[in-house]
Amino acid sequence: MNDIDLTEATAEGGDWNFMGNGWNPIGSNDVYGGGTFNGIFDGGGHSIIGMRIEITNCPTDVGNSIYLGLFSKVSGKIHDLHMTNNVITIKIQFKGNVNIGAIAGYNLGTIEESSSSGNIDVSVHGTYNNDINIYTGGIVGYCTNSIVNCYNTGSIFSKADYSFAGGIAGHGNN
């Protein structure tokens, strides 16, 4: 019904500052894991403003994949949602896959008529050579289904042993 401004809530000391890292993605099971949102989220053309995710220490019980964004994973439908002035900064050492996008880390469903602006800055180093894959996108990190009529005007920086980055999706299977 309205825009949602997360700038203060996800800032240091804010009400939604999960473990000092800012936003805790919907479905992350509190460890940046891959619980899946399978409903319908209709943003009604409104914006989520100022979402901050800033991780310098990864939880030890996360497993071998991390999913970061407003949602960790989506298998349902996201429609007409606009992420504005998000700030996602990831600087960690990790072994596995890191999936990062403003709306979802991983998309198995449909994201349509949505947009993103802001900055995504990722630098991940593996514990061994070539043991990390980073998928960074303005909308989603890794996509196996549909992204329709979406755009990104934010900046994307991704550095890792194996880094895949794009304005809309870091990797797309369909």
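Is Arg52 buried or exposed? At 11% relative accessibility, Arg52 falls on the buried side, and we come back to this residue in the salt-bridge close-ups below. Keep in mind throughout that this is a predicted model.

**Figure 1. The whole chain, an all-strand protein with 20 strands and zero helices.**
Start here to get your bearings before zooming in. The C-alpha trace spans about 45 × 40 × 25 Å along its principal axes. For 174 residues, a compact globule would have a radius of gyration near 16 Å, and the protein comes in at 14 Å, which agrees. Of those 174 residues, 51% count as buried. Take the contacts between residues at least 6 apart in sequence: 81% of them join residues at least 24 apart.

**Figure 2. Five strands laid out as an open, parallel sheet.**
Reading across the sheet, the order is E2-E7-E11-E15-E20. The edges belong to strand E2 (36-37) and strand E20 (169-172). Each of these two has a single partner strand, so one side of each is left without a neighbour in the sheet. As a reminder, strands of a sheet pair through backbone hydrogen bonds, either parallel or antiparallel.

**Figure 3. Zooming in on the E7 and E11 pairing.**
Strand E7 covers residues 71-74 and strand E11 covers residues 104-107. Three bridges hold the pairing, which runs in the parallel sense. To find one of the bridge partners, pick out Val74 and look across to Asn107 in E11.

**Figure 4. Arg52 between two acids, Glu12 and Glu54.**
How many salt bridges does a search of the whole structure find? The count is four, and two of them meet at Arg52. Glu12 forms a salt bridge with Arg52, with the closest N and O atoms 3.9 Å apart. That pair ties together distant parts of the chain: Glu12 sits in the loop between strand E1 (4-5) and E2, while Arg52 belongs to strand E5 (residues 52-55), 40 residues apart. The other contact, from Arg52 to Glu54, has its closest N and O atoms at 3.1 Å. The surroundings of the three side chains are worth a look too. Glu12 is exposed, with a relative accessible area of 61%. Arg52 is buried at 11%, and Glu54 is partly exposed at 36%.

**Figure 5. Lys91 and Asp121 reach across from two strands.**
In this view the side chains of Lys91 and Asp121 meet in a salt bridge, 3.3 Å from N to O. Here too the pair links distant parts of the chain: Lys91 is in strand E9 (residues 82-93) and Asp121 is in strand E13 (residues 115-125), 30 residues apart. Lys91 is partly exposed, with a relative accessible area of 38%. Asp121 is partly exposed as well, at 25%. Back at the earlier site, salt bridges that share partners join Glu12, Arg52 and Glu54 into one network.

**Figure 6. Cys143 and Cys150, two cysteines with no bond between them.**
Why is there no bond between the sulfur of Cys143 and the closest cysteine sulfur? That closest sulfur is in Cys150, 9.5 Å away, which is too far for a bond. Cys150 is in no disulfide either, and its nearest cysteine sulfur is that of Cys143. Across the whole structure, the search turns up zero disulfides. Cys143 counts as buried at 4% relative accessibility, and Cys150 counts as buried at 16%.

**Figure 7. Asp42 and its surroundings in strand E3.**
Asp42 lies in strand E3, which takes in residues 40-42. With 51% relative accessibility, Asp42 counts as exposed. What does Asp42 touch, leaving out residues up to four places away in sequence? The residues in question are His79 and Asp80. Closer along the chain, a polar atom of the Asp42 side chain lies 2.9 Å from the backbone nitrogen of Gly44. For a longer-range landmark, try Tyr151: Asp42 and Tyr151 are 109 residues apart in sequence and 17 Å apart in space, C-alpha to C-alpha.

Note on methods: Residues are numbered from 1 along each chain as its sequence is written. This is a predicted model: local features need pLDDT of at least 70, side-chain atom pairs count only at pLDDT 80 or more; totals for chains, interfaces and linings use all residues. Side-chain values use heavy atoms; hydrogens and water are left out. Two strands pair if DSSP finds at least two bridges between them. Helices (H or I, at least four residues) and strands (E, at least two) are DSSP runs, numbered from the N terminus. Buried means under 20% relative accessible area, exposed over 50%, partly exposed in between (1.4 Å probe, protein chains only). A disulfide is a pair of cysteine sulfur atoms within 2.5 Å. Contact means heavy atoms within 4.5 Å. A polar contact is a pair of N or O atoms within 3.5 Å; within protein, one must be able to donate a hydrogen and the other to accept it, and residues adjacent in sequence count only if both atoms are side-chain atoms. The radius of gyration is taken over C-alpha atoms; the globule rule is 2.2 Å times the number of residues to the power 0.38.
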